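Open your viewer and load the model. We will start with the whole chain and then select one place after another.

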Amino acid sequence: MSVNYVNLDKSDNFKKLLETPVCQIKEELSSDRIKKYSASAGAGLVYNFAGKKVNNTILTLLQGLADEQQLIEKYKLLLNGDVINTGEKRMVLHHHTRGMKLDDVVSEGQDMTKFYDGEKKKIYDFAKKVHNKEILGSTGKPFDTVVQVGIGGSDLGPRAIYLALKNYNKPVLNAHFIANVDPDDANNVLSSLNFETTLFVLVSKSGTTQETLTNQKFVLNKMEKANISGLVPLKHFVSVTSATSPLAADTNYLSSFFIDNNIGGRFSSSSAVGGCILSLALGPEIFERFLSGAREADKQALNSNIFENAALLDALIGVYENNVLNMKNTAVIPYSESMSRFPAHLQQLDMESNGKSVNRFGDRVSYSTGVSIFGEPGTNSQHSFFQYIHQATSIIPVQFIGFRKPQIDADMEYQGSTSGKKLNANLVAQMTAMGVGKDDENKNKNFDGERPTSLLHADQLTPETMGAILAHFENKVMFQGFTWNINSFDQEGVQLGKLLANKVLNNQMDDVLKSYADLMI
Ligand SMILES: O=P(O)(O)OC[C@H]1O[C@H](O)[C@H](O)[C@@H](O)[C@@H]1O
């Protein structure tokens with residue numbers, strides 16, 4: 001299969017979109033449209049886009065843009081192991097970690113399905129032995145707590161997923177996370193733990209991340225200082241890293257599990273990076289269900305019809321909002337407290353992937369790529385920054401996420417409605433208010449409306465739904481990257497800050513760096 005990688009501004013459909021009159025949500029919104037403007041995301045997850053500034057003409061052009069930019073063909077090439085990550089000359093294989101593939105892929109002589117399945121089996125066996133008390137702490141006590149030590153992609157996705165699912169099924173082991181090199185955070189987490197019954201999962205794909213290696217020493221130091229008879233600190237550590245990293249050579253850990261360089265950090269939640277902590281904390285069965293939901297969403301994303309492919313449609317509408325309507329921010333608002341850290345995961349996923357200025361060939365692009373993402377659960381966010389979303393002069397599209405049923409069967413009725421009903425009444429009220437607005441003679445109380453919204457909805461936040469939500473956004477980011485003709489899979493932009501921090505620590509500073517350092521160190 002041969003494809004052409006071309007910039008967005010060369011696309012005829014994009015040029016037509018620029019000339020097409022913008023549609024008005026207020027005029028378009030109807031119960032018929034709300035019923036019709038829905039696309040399946042897989043695993044029972046549905047994307048409703050009735051609140052977007054799109055009509056049939058615009059949607060036809062977006063379908064044309066998807067076809068012209070060969071988005072599905074490029075996804076298939078990615079699945080089949082093309083070197084899509086041109087910056088790092090790597091394949092992009094995170095779909096394979098959840099069993100989504102078209103053909104077998106071999107990387108460096110290794111069949112990748114066998115590799116990912118093998119590591120997953122090792123993790124499941126290890127987790128079951130920990131749960132059955134066949135594997136114990138070094139002083140002979142069973143583990144009741146697990147702590148992930150890692151940052152960025154080695155923290156955000158696994159943490160968000162653990163929080164999302166820990167109410168669904170009571171954790172087998174309680175999980176905590178240490179990411180920041182802020183000593184107060186590590187101290188805070190460690191102060192509540194019993195080291196004899198705690199297992200640490202050290203996660204670093206590169207095995208060189210300063211914060212993570214420092215936090216490992218921080219934990220080891222605390223364990224030694226605790227002076228517990230018979231405690232062997234490293235026998236309370238497992239590592240998750242890539243086979244080529246410096247950590248991989250260390251055989252002192254209780255066990256080690258591997259990923260490979262074809263999995264980007266921010267796309268690693270369904271690999272051993274998420275698999276280890278989630279299988280230990282929630283059980284292999286829950287992790288397996290999560291993977292099946294992600295796989296369903298990946299399959300749905302193969303559909304070339306935008307009305308049957310939520311990730312594709314969400315991606316294209318995002319490009320339309322960014323490059324035609326000039327909207328550069330997106331708020332992600334889950335009406336679920338369990339999903340409180342999911343917007344933080346999306347910030348890395350989306351902004352580290354698509355915050356680029358050059359195309360995949362290294363040439364500067366003349367249009368904007370990526371959006372800035374922020375979010376907090378509703379209804380809390382209604383009582384903080386929603387004022388801006390309703391009435392500010394700049395417009396921020398809102399991506400709502402909601403579930404018809406709570407995770408725990410313990411709701412109660414007050415003033416004629418349950419808490420769950422109040423939660424979702426607020427959700428639909430916000431979507432309506434943002435789209436339709438309200439005319440008022442008092443301009444201070446006037447709502448213009450025309451604020452785009454979408455809703456990802458499912459019956460309940462289950463492991464399958466969580467997998468599908470994760471994969472939906474991963475695939476959305478991938479399709480947008482293809483549409484903009486950028487490489488979504490490297491992250492050179494994070495290197496300069498790391499280099500300068502090392503200069504400060506090694507006392508190799510120029511005047512500017514030294515003057516800033518004088519303020520802080
Ligand atoms: O897993 P690690 O190699 O420790 O990397 C952790 C994180 O650090 C880097 O700076 C990257 O920006 C992230 O994409 C990555 O997830």
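## The whole chain

Begin with everything displayed: of the 521 residues of the protein, 54% count as buried, where buried means under 20% relative accessible area, exposed means over 50%, and partly exposed lies in between (1.4 Å probe, protein chains only). This is a predicted model, in which local features need pLDDT of at least 70, side-chain atom pairs count only at pLDDT 80 or more, and totals for chains, interfaces and linings use all residues. Residues are numbered from 1 along each chain as its sequence is written, and side-chain values use heavy atoms, with hydrogens and water left out.

Colour by confidence next. The average pLDDT of the protein is 97, and 100% of the residues score at least 70; pLDDT is the predictor's confidence in each residue, from 0 to 100. For the complex, the predictor gives an ipTM of 0.98 and a pTM of 0.98.

Now switch to cartoon. You will find 18 helices and 15 strands in the protein, with helices (H or I, at least four residues) and strands (E, at least two) taken as DSSP runs and numbered from the N terminus. The protein is as compact as a globular protein of 521 residues, because its radius of gyration of 24 Å is close to the 24 Å that the globule rule gives. That radius is taken over C-alpha atoms, and the rule is 2.2 Å times the number of residues to the power 0.38. Along the principal axes, the C-alpha atoms fill a box of roughly 75 × 60 × 55 Å.

## Two domains

Select 94-289 for domain 1 and 491-521 for domain 2; these bounds come from an automatic or database domain assignment. Their C-alpha centres lie 31 Å apart.

## An enclosed helix

Which helix should you pick to see one largely enclosed by the rest of the structure? Select helix α10 (residues 272-282): 11 of its 11 residues are buried, so this helix fits that description. Among them are Cys276, Ile277 and Leu278. Step on to glycine 283, which follows α10 and has a positive phi, near 105 degrees.

## Stops in the loops

Go to alanine 50, in the loop between β2 (45-48) and α4 (56-68). Alanine 50 counts as buried because its relative accessibility is 2%. Add methionine 431 to the selection: the two residues are 381 apart along the chain, and their C-alpha atoms are separated by 9.9 Å.

Next, zoom in on the peptide bond from glycine 378 to threonine 379, which is cis, with omega near 15 degrees. Threonine 379 sits in the loop between β11 (372-374) and α14 (386-391).

Two residues other than glycine with positive phi come next. Glutamine 415 has phi near 50 degrees and lies in the loop between β13 (413-414) and β14 (417-418). Is glutamine 415 buried or exposed? At 67% relative accessibility, glutamine 415 counts as exposed. Glutamate 450 has phi near 60 degrees and belongs to the loop between α15 (419-436) and β15 (453-458). Glutamate 450 is buried, with a relative accessible area of 9%.

## Last stop: a surface patch

Finish in helix α18 (residues 511-520), where you can select tyrosine 516. Tyrosine 516 is exposed, with a relative accessible area of 58%. Turn on the surface and add Val512, Leu519, Met520 and Ile521: with Tyr516 they form a nonpolar patch with about 700 Å² of accessible area together.

Three definitions apply here. Patches are made of residues with over 30% relative accessible area and no salt bridge, joining like charges within 9 Å and nonpolar side chains (Val, Leu, Ile, Met, Phe, Trp, Tyr) within 5 Å. A salt bridge is a side-chain nitrogen of Lys or Arg within 4 Å of a carboxyl oxygen of Asp or Glu. Accessible areas come from the Shrake-Rupley method with a 1.4 Å probe, and for residues only the protein chains shown count as cover.
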